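This report describes the fold and selected residues of one protein chain, for use alongside its sequence and coordinates. Strands, helices, nonpolar cores and individual residues are treated below.

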Amino acid sequence: MTEFDNGTDQGLPSPDPAEEENPKTLYNIRMRASVNGKHCSGGEEILAEKDLEDGVARLFKRGFESPSPHFRKDVSISIRVEGVAPEKLRRSALLPVRQLDSDDDQTTRSFIRSFLHLSLRQISVDHEKATQNILDCIDSFLRPEAAAMWGAIILSPSGEKIPLPDDGVRTTHIGIESQTRNDLLTSARSNGISGRRFPEALMLASKVLAQRQVHLELCISDDPTYTTGYIAGKNIGYIRLPHIKRSGMTGGGRIYLLNKSPDEEELAALITELKESPFLFEKTAPISPPQKLTDLLLTCKQELECHPIPSSPE
Ligand code: PML
C-alpha cells in the first residue's frame with residue numbers, strides 16, 4: 001500500500017467518512033475532447049468533493065456527445081481532476097455585461113474601431129496606429145484560409161504581437177458557484193441570451209481582465225455558426241458584439257492587449273497566472289439591454305472618463 005492509498009481496494013475496512021472528506025476542499029475538473037486529433041469540445045468546473053462525480057459525468061457527457069453519432073467511435077476524451085490549494089483560490093465577481101444592438105458586420109466593425117480609439121487613449125501614445133494594428137489582427141483571424149487558433153495572442157499597448165513560448169495562451173482554472181451560475185443564467189435568459197458559450201466566455205474574460213497588465217480582450221469564435229463575439233475592457237466590462245463576423249467563416253481568435261510592454265519575467269508571470277491560478281466566481285453583475293452604436297459609445301466614454309487610467313509609457 002502506498003502512502004496515498006487508503007487501503008479500500010485491498011478489502012480493508014473503509015476509514016470513517018467524516019475523517020476522509022473535507023467539505024471545504026475544492027477540485028478543478030478539466031475536459032478536452034477531440035476527434036481524430038482535432039479538438040471538438042472542452043469545459044471545466046471547480047467543485048466541492050461531494051459534487052465531483054456529477055461534474056465528471058456532466059463534462060464526460062458534453063465531450064462524448066459533442067461529435068455527431070457517426071464520429072463518436074473516433075472520439076478521445078481526457079478528463080483531469082486536480083485539488084485546488086485554498087490559499088491560491090481567488091474568489092471573484094463577473095464583469096458587468098453590455099450589448100451592442102447591431103444587425104450587420106459593418107456596424108459592429110465601426111463600433112470596434114471607435115471603441116478602440118476611445119479605450120486606447122488611456123494607454124497608448126499612438127492610439128491611431130494601435131487601433132489599426134488591432135484591426136489588422138482581427139482581419140488576419142478572418143481571412144478565408146485562417147485556421148482556428150489554439151490560444152490567445154498577446155499584444156503590446158501599440159498592438160504589436162508579443163512572441164510567446166507556445167502558440168498562444170489558454171486561460172483555464174475557472175469555476176462558478178452554483179447559485180451564481182443560476183442567477184447568471186436567469187438574467188441571461190431574461191435578456192434573450194441562451195447557450196453555454198456566453199457564461200463560459202464571460203468567466204474567461206472576467207479572469208483575464210482581473211489581471212493588472214491586461215487592458216482589454218477581444219474574442220471572435222472560430223465556430224462558423226457563432227457570430228457573436230465580445231470586447232472586455234477595464235472599467236467597461238464585457239460588451240457582446242453580434243455580427244463580429246459573417247456566418248460561415250471558420251477563423252476566429254482571442255487577443256489580450258496589455259497596458260504596458262512586459263519584460264520576460266512579467267510575461268512569464270502573466271502566462272502562469274492565466275494558465276494556472278484558480279478563479280471561482282461567486283458574484284454576478286448586471287446585464288444591460290442592447291444599445292445602439294452611438295448610445296453604447298457614449299456610455300463607454302462616460303465610464304472611461306469616470307475611471308481614467310494613468311497612462312503608462314511603453
Ligand atoms: C467561443 O467559445 O467560441 C467564443 C464564444 C464567444 C461568446 C460570446 C457571447 O455569446 O457573449
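## Helix α3

Helix α3 comprises 16 residues (105–120), which at 1.5 Å a residue should span 22 Å; the C-alpha atoms at its ends are 22 Å apart, so expectation and model agree. The coordinates come from a predicted model. Thr108, Phe111, Ile112, Phe115, Leu116, Leu118, Ser119 and Leu120 are the buried residues of α3. Because these residues cover an arc of only 170° around the axis, they lie on the same side of α3. An α-helix has 3.6 residues a turn, so residues three or four places apart point the same way. At the start of α3, the backbone nitrogen of Gln106 has a side-chain oxygen of Asp104 within 3.1 Å.

## Strand pairing

Strand β1 (residues 26–35) is mostly covered, with nine of its 10 residues buried. Strand β1 runs antiparallel to β2 (residues 38–48), to which 10 bridges join it, and antiparallel to β3 (residues 75–84), again through 10 bridges. Strand β12 (residues 279–283) pairs in the parallel sense with β4 (residues 90–93) over four bridges and with β7 (residues 174–176) over three bridges. The table lists one pair of opposed residues for each of these pairings.

| Strands | Opposed residues | Sense and bridges |
|---|---|---|
| β1 and β2 | Ser34 and His39 | antiparallel, 10 bridges |
| β1 and β3 | Tyr27 and Gly83 | antiparallel, 10 bridges |
| β4 and β12 | Ser92 and Phe281 | parallel, four bridges |
| β7 and β12 | Ile174 and Phe279 | parallel, three bridges |

Strands β1 and β2 form a hairpin with two residues between the strands, where Asn36 takes a positive phi near 50°.

## Asn28 in strand β1

Asn28 is located in strand β1. Its relative accessibility is 0%, and Asn28 therefore counts as buried, the cut-off being under 20%. The side chain of Asn28 makes a polar contact of 2.5 Å with the side chain of Arg30. In addition, a polar atom of the Asn28 side chain lies 3.2 Å from the backbone oxygen of Glu45. When neighbours within four places in sequence are left aside, the contacts of Asn28 are Glu44, Glu45, Ile46, Arg80, Val81, Glu82, Val84, His173 and Ile174.

## Nonpolar cores and helix α6

The largest nonpolar core holds 35 residues, of which Ile154, Phe198, Leu202 and Tyr238 touch the most other members. Two or more residues of this core are given by each of β7, α5 (178–190), α6 (197–209), β8 (214–220), β9 (229–233), β11 (253–258), α7 (264–276) and β12. The largest share of this core, eight residues, is that of α6. Apart from this core lies another, of 32 residues, which includes Leu120, Ile134, Leu216 and Leu296.

Helix α6 has 13 residues and reaches 18 Å from its first C-alpha to its last, close to the 18 Å expected at 1.5 Å a residue. Helix α6 is mostly covered, as 11 of its 13 residues are buried. These buried residues are Phe198, Pro199, Ala201, Leu202, Met203, Leu204, Ala205, Ser206, Lys207, Val208 and Leu209. Not counting residues up to four places away in sequence, Phe198 touches Val97, Leu184, Ala188, Ile193, Tyr226, Tyr238, Arg240 and Ile287.

## Leu142 and Glu303

Two further residues have contacts beyond their sequence neighbours. Leu142 belongs to the loop between α4 (127–141) and β6 (153–155). With a relative accessibility of 17%, Leu142 counts as buried. Residues up to four places away in sequence aside, Leu142 touches Ile220, Ile244, Lys245, Met249 and Gly251. Asp222 is 80 residues from Leu142 along the chain, and their C-alpha atoms are separated by 9.1 Å.

Glu303 is placed in helix α8 (residues 293–306). Is Glu303 buried or partly exposed? Its relative accessible area is 25%, and Glu303 is therefore partly exposed. Beyond its neighbours within four places in sequence, Glu303 is in contact with Arg98, Asn235 and Ile236. Of these contacts, Asn235 is 68 residues from Glu303 along the chain, with 6.6 Å between the two C-alpha atoms.

Methods: Residues numbered from 1 in each chain as written. Predicted model: local features only at pLDDT ≥ 70, side-chain atom pairs only at ≥ 80, totals over all residues. Heavy atoms only, no water. Pairing = 2+ DSSP bridges. Expected span 1.5 Å × (residues − 1). Buried < 20%, exposed > 50% of the residue type's maximum accessible area, 1.4 Å probe, protein only. Arc of directions from axis to C-beta. Polar contact = N/O pair within 3.5 Å; in protein donor to acceptor, adjacent residues only side chain to side chain. Core = buried A, V, L, I, M, F, W, Y, C linked by side-chain atoms within 4.5 Å. Contact = heavy atoms within 4.5 Å.
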